[in-house]
Amino acid sequence: MLQTLLAQQAPIEAIDTPAIDWAILAPLLVMAVGGILMLTFASVLKRLPSSVWSVAAVVISLVTAITVIPLWMRVTDTANSATSTLAGAVAFDGFSLFLTVVIALSVALSAMLADGYLKREGLEGPELFVLLMMSASGGIIMSFANDLIVLFIGLEILSIAVYVLAAMHTRKLQSQEAGIKYFVLGAFSSAFFLYGIAMIYGATGSTNLIDIKNFLSATVLADDALLLAGFALMLVGLAFKVAAVPFHFWTPDVYQGAPSPVVAYMASAVKAAGFAGIIRVFVLTFEQYRTDWQPVIYVLAILTLLTGSFLAIVQTDVKRMLAYSSISHAGFLLVGVQAATDRGVNAVLFYLAVYSFMVIGSFGVLTVAGGVGDNAHTLDDYKGLSKRSPMLAFAMMIFLFSQAGVPLTTGFFAKFGVISAAIDARSFWLAVVAMISAVIAAFLYLKVIVAMFFAGDDDHGHGADAEDAADASEADADDAGHEPIDIPLGAGIAIGVCALVTVVFGIWPGPIDDLAREALPRLVAESSAFLEIGN
Amino acid sequence: MSDFLRSYLTVAIFGGVAVALVGVLLGLGSFLRPSRPTATKTMAYESGVDPVGDMWSQSNIRYYVFALMFVLFDVEAVFIFPWAMRLETYGYFGLVEMAIFIFILVLGLAYAWRKGMLKWV
Amino acid sequence: MVEIIVFAVCAAIVLVGAVGVIAARNPVHSALFLIQTLFGMAVLFISLEAHFLAAVQVVVYAGAIVILFLFVIMLLGVDQAEDLNIEPIVGQRFIAFIVGAATFVLMVATLAGSSDAITGQRQATGPLGDELTDNNNVRELAEALFTDYVFAFEATAILLTIAVVGAVVLAKRTSGEMLPVPQNTLEIREADYQARVDARAAELEANAAAAAEAGEDGSAEASSAAASDDDTADDEMADAEGGDA
C-alpha cells in the first residue's frame with residue numbers, strides 16, 4: 001500500500017552517495033566519538049573522581065595521535081598518495097595529519113594540567129574534558145577541511161567549546177568575563193569569515209577548495225573584486241582566531257581571566273587550527289593570487305610582531321605578559337605564512353609543533369603557581385619562585401628561554417626556520433623586524449626569569465602584597481616565602497614532558513623537522529578508483 | 001510576474017485581509033464605545049489580583065536555557081525537513097546519516113536532562 | 001515589474017527595521033524591529049525563489065532566535081537601559097562611524113563594480129535545480145546535504161551538541177562562594193563604575209538621581225550576568241559594586 005503510494009508519487013531516483021574512506025576519518029572519529037561517549041558517561045554516572053575523566057581524556061587523545069601513525073605511513077609511502085574523501089570535503093595529506101597530532105597532544109597535556117586545577121579550585125569534572133575533546137575535534141576538522149563550509153563548521157565547533165571553556169570557572173568573575181568577551185568578539189569574527197566564504201562562493205561558484213583552485217587556474221577573472229573582498233573577510237576571521245594584530249584585543253583579557261589549563265589549550269591547539277585554515281586557504285588554494293594577499297599578511301605580521309613584544313614588556317601580570325607573547329609568536333608564524341613557499345609552510349608546522357609544547361609548559365607552570373583562585377600571577381607573586389619550587393622555576397626558565405629563541409631550545413630552531421623562510425622568499429625587511437622583535441621579547445622573558453630566581457629576598461613589599469583579601473588562603477604560604485608548592489601529578493608529568501621535548505628537540509631538532517618537511521598540504525581530488533565505487 | 005511569485009500572492013492577500021480586519025474591528029470599536037477612563041480601569045488586568053511592580057519584570061535564567069534548547073532543536077528540525085520531503089531518494093545512506101545526526105543531538109539532550117536542566121526548580 | 005516592486009518594498013522594510021534595531025531606545029522594540037527585518041529578508045528570499053530558506057528564516061530566526069533575544073532582554077531587565085551617551089573609549093563612536101562608512105562604501109563598490117562580468121564563465125548563483133518539478137528547491141538542498149556536504153552535515157550535529165553542553169555548563173547553579181576579585185581589578189572596576197555614574201548624573205541633572213543609579217546597575221555587570229546564574233549575578237554585583245545591587 002505504502003509502496004504503491006510512494007511509487008505513484010514520484011519516480012525514485014537514488015542519489016550518488018559519496019564514497020567514504022573511513023580510515024582517513026579515524027583520528028577525527030576517535031576524538032569526536034570519545035568526546036561524545038564521555039558526555040554520555042558524564043550524564044549517566046553521577047559522580048566519579050575527576051582524575052578518571054582526566055585519564056580518559058588523555059588516553060583518547062593519545063589514541064587519536066596513534067591512529068595517525070598508519071595513516072602517516074600511507075601518506076608518505078609514495079609521492080602521490082595524498083587524496084581526499086567524502087566528496088572532496090576531507091583532505092588527506094601530511095599537513096592535516098601533522099596538525100592532528102599537534103592538536104591531540106595539546107589536548108592530552110592540557111587535560112593533565114586540568115586535573116590538578118579542577119581539584120584545587122573545587123570545580124566539577126567531566127564537562128571541561130568533554131568540551132576540550134569536542135573542541136579538539138573541531139580543530140581536527142579544520143586541519144582536514146577541504147571545503148570552506150567544513151572549515152567554517154570546524155572553526156565554530158572549536159570556538160564555541162573554547163568560549164565555554166574560558167568561562168568554565170563558574171565561581172570566578174574574571175573567568176566569566178573572559179568567556180563573554182571571547183564569545184562576543186569571536187562570534188563577530190565568525191560572521192566576517194562566513195561573509196568571506198559567501199563572497200568567494202559568489203566569485204568562484206564553489207565552496208570546495210579543489211574546485212575553487214581548478215576554477216581559478218582555468219579561468220581569468222574579468223573582475224576579481226568579489227574574490228579579493230572574500231580574501232579580506234576570511235582573513236579577518238582567521239586572524240582573530242590566531243590573535244594577529246589588529247584583531248588581538250580579546251587576547252590579554254581572555255588569557256588573563258580564563259582558567260590556565262584552558263589558556264594552554266587555546267594558545268596551542270586553537271592557534272594551530274587557525275594556521276591550518278590560513279595555510280590551506282591562502283597558501284594552497286589561492287596560491288595564484290599570492291601577490292594580492294601576501295602584502296596584507298606582511299603588514300599583519302609586522303604589526304603583530306611589534307605590538308606583541310612591545311606591549312608584553314609593560315605588563316606586570318605574568319599571564320597577561322604571556323598573552324602578549326603569544327601574540328608575538330603569532331607574528332612569527334605569520335612571517336612563515338607570508339613566505340608562501342613550501343619552506344615557509346615547513347617552518348610554520350615546525351613552529352606550531354614545538355611552540356605547543358613550550359606554551360603548554362609555560363601555562364602549566366602558571367596553573368600550578370597561580371594558587372587557589374588562579375589569581376597570583378603578578379610579577380611580585382613570581383618573585384622567589386625558585387625557592388618555593390626549584391623544579392617549577394627551572395622548567396619555567398626552559399620554556400621562557402625557548403620562547404625567547406635561545407639556542408639549544410626548540411624555540412631557536414622555530415624562529416630560525418620562519419626567518420630563513422622569509423629571507424628565502426626575499427622578504428628581508430620582515431625578517432629584520434622579526435629579529436628585532438625577538439630581541440625585544442627576550443628582554444621580557446628575562447624579566448620573569450630574573451623575578452623567579454634573583455628577586456626573592458625583598459620580603460616586605462612582597463608580603464604586604466600577598467596579604468590581600470583577594471588571596472587569603474595563599475597569604476600564609478607567601479608570607480613564609482619558602483613554602484614549597486605542591487605540584488599535582490598530572491601537571492608534573494605534563495610540565496616534565498614539555499620541558500623534555502623543548503630541550504631534547506632543541507638539541508636534536510631533526511625528527512620534528514623531518515616530519516614537518518613531509519607534512520606538506522596538498523589539494524588532490526579523490527582518486528578515480530574511489531569515484532568509480534561512488535558511482 | 002513569475003508563477004512562483006504569483007503563488008505567493010495569496011499569502012500577501014491573506015496577510016492584507018488579516019491586517020485590515022484587525023484594523024477595522026479595533027477602529028470600529030474605539031469609534032463606537034464611550035471612553036471614560038478611571039484609575040482602576042487603566043490598571044493592567046492580572047486575573048483580578050492587584051498588579052505588583054512593573055510589567056517589565058526580570059525573568060528567571062531558566063527560561064533562557066529552555067529558549068536556547070528550543071533554538072537548537074529548531075535548527076535540527078530544519079535539517080530533518082528537506083530529508084523527510086524525499087526520504088526514499090536517499091535510501092539507507094540518508095537514513096543512517098540522519099540517524100547519526102539525531103542520535104548525537106539526543107545524547108546532548110540526555111545530558112541536559114540528567115543535569116536537571118529540563119526540570120523546573 | 002512586480003519583482004522590482006516586491007524588492008523595493010521589502011528592501012525598505014528591511015532597512016527601516018535595521019535602523020530601528022539600533023535606533024530604538026527600548027531593547028524590546030529593537031527586537032521587534034529585528035523581526036521586521038527578518039520578515040523582509042524572508043520575502044526577499046521568496047522573490048529569489050528560495051522558499052525553503054524563506055521558511056527557515058521565519059521559523060528559526062524570527063521564531064526562535066528573536067525569542068531568545070527577548071528572553072535575554074527580560075533576563076537582564078528591560079528598565080535597566082544602558083546610557084548610550086557614555087563612551088567607554090574616547091572617540092570610539094567617531095572611529096566606528098568612519099570605519100563603518102568606509103566598509104560600507106567598499107562593499108557597495110565591490111558589489112556594484114562586479115555586476116555580472118565577474119567570471120564570464122558560469123553562473124555561480126541562481127535557482128537551485130530545474131523549475132519543472134515541485135519542491136525542486138528543497139530537494140536540491142537535501143541532495144547537496146547528502147552528497148557534497150554530508151560531512152559538514154554530520155559535523156553540525158557535534159556543533160549543536162556542543163551548544164547544548166555549553167548552555168548547561170554556563171546556566172548550571174554554582175555550588176560554593178564566588179571567589180573574590182583581586183584588589184587591583186576591583187579598584188579599576190569601582191573607579192570605572194563611579195565615573196559612569198558621575199557622568200550620568202551630570203548629564204541628567206533634571207532626572208532623579210535614583211533613576212541614574214538604577215540605569216547604571218545593569219550595565220556594569222550585564223555581560224557576566226548573561227553568562228551566569230541568577231544568584232551568582234546578584235553576588236557579582238554585590239562584590240563588584242560594593243553592595244549596590
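**Chain A, burial.** I started with how much of chain A is tucked away: buried residues make up 62% of its 535 residues. Note to self: this is a predicted model.

**Chain A, make-up and size.** Next I looked up the secondary structure, and chain A has 24 helices and two strands. I then checked the radius of gyration, which is 24 Å for chain A, close to the 24 Å that the globule rule gives for 535 residues, so chain A is as compact as a globular protein of that length. Along the principal axes, I found that its C-alpha trace spans about 85 × 65 × 40 Å.

**Chain A, contacts.** I looked at contacts in chain A between residues at least 6 apart in sequence, and 81% of them join residues at least 24 apart.

**Where B meets C.** How many residues does each chain put into this contact? I got 43 from chain B and 43 from chain C. On the chain B side, the elements giving two or more residues are α1 (3-7), α4 (61-85) and α5 (87-114). The top giver there is α4(B), with 18 residues. I also sorted the chain B side by type: 32 nonpolar, five polar and six charged.

**Tyr8(B).** I picked out one residue to finish. Tyr8(B) sits in the loop between α1 and α2 (9-32) of chain B. Is Tyr8(B) buried, exposed or partly exposed? I'd call Tyr8(B) partly exposed because it has 16 other C-beta atoms within 10 Å, and 20 or more would be needed for buried, 12 or fewer for exposed. Last lookup: the C-alpha atoms of Tyr8(B) and Leu118(B) are separated by 39 Å, and the two residues are 110 apart along the chain.

Conventions. Residues numbered from 1 in each chain as written. Chains lettered and ligands numbered in written order. Predicted model: local features only at pLDDT ≥ 70, side-chain atom pairs only at ≥ 80, totals over all residues. Contact = placed C-beta atoms within 7 Å. Helix = DSSP H or I, 4+ residues; strand = E, 2+ residues; numbered from the N terminus. Nonpolar A, V, L, I, M, F, W, Y, C, P; charged D, E, K, R; others polar. Rg over C-alpha atoms; globule rule 2.2 N^0.38 Å.
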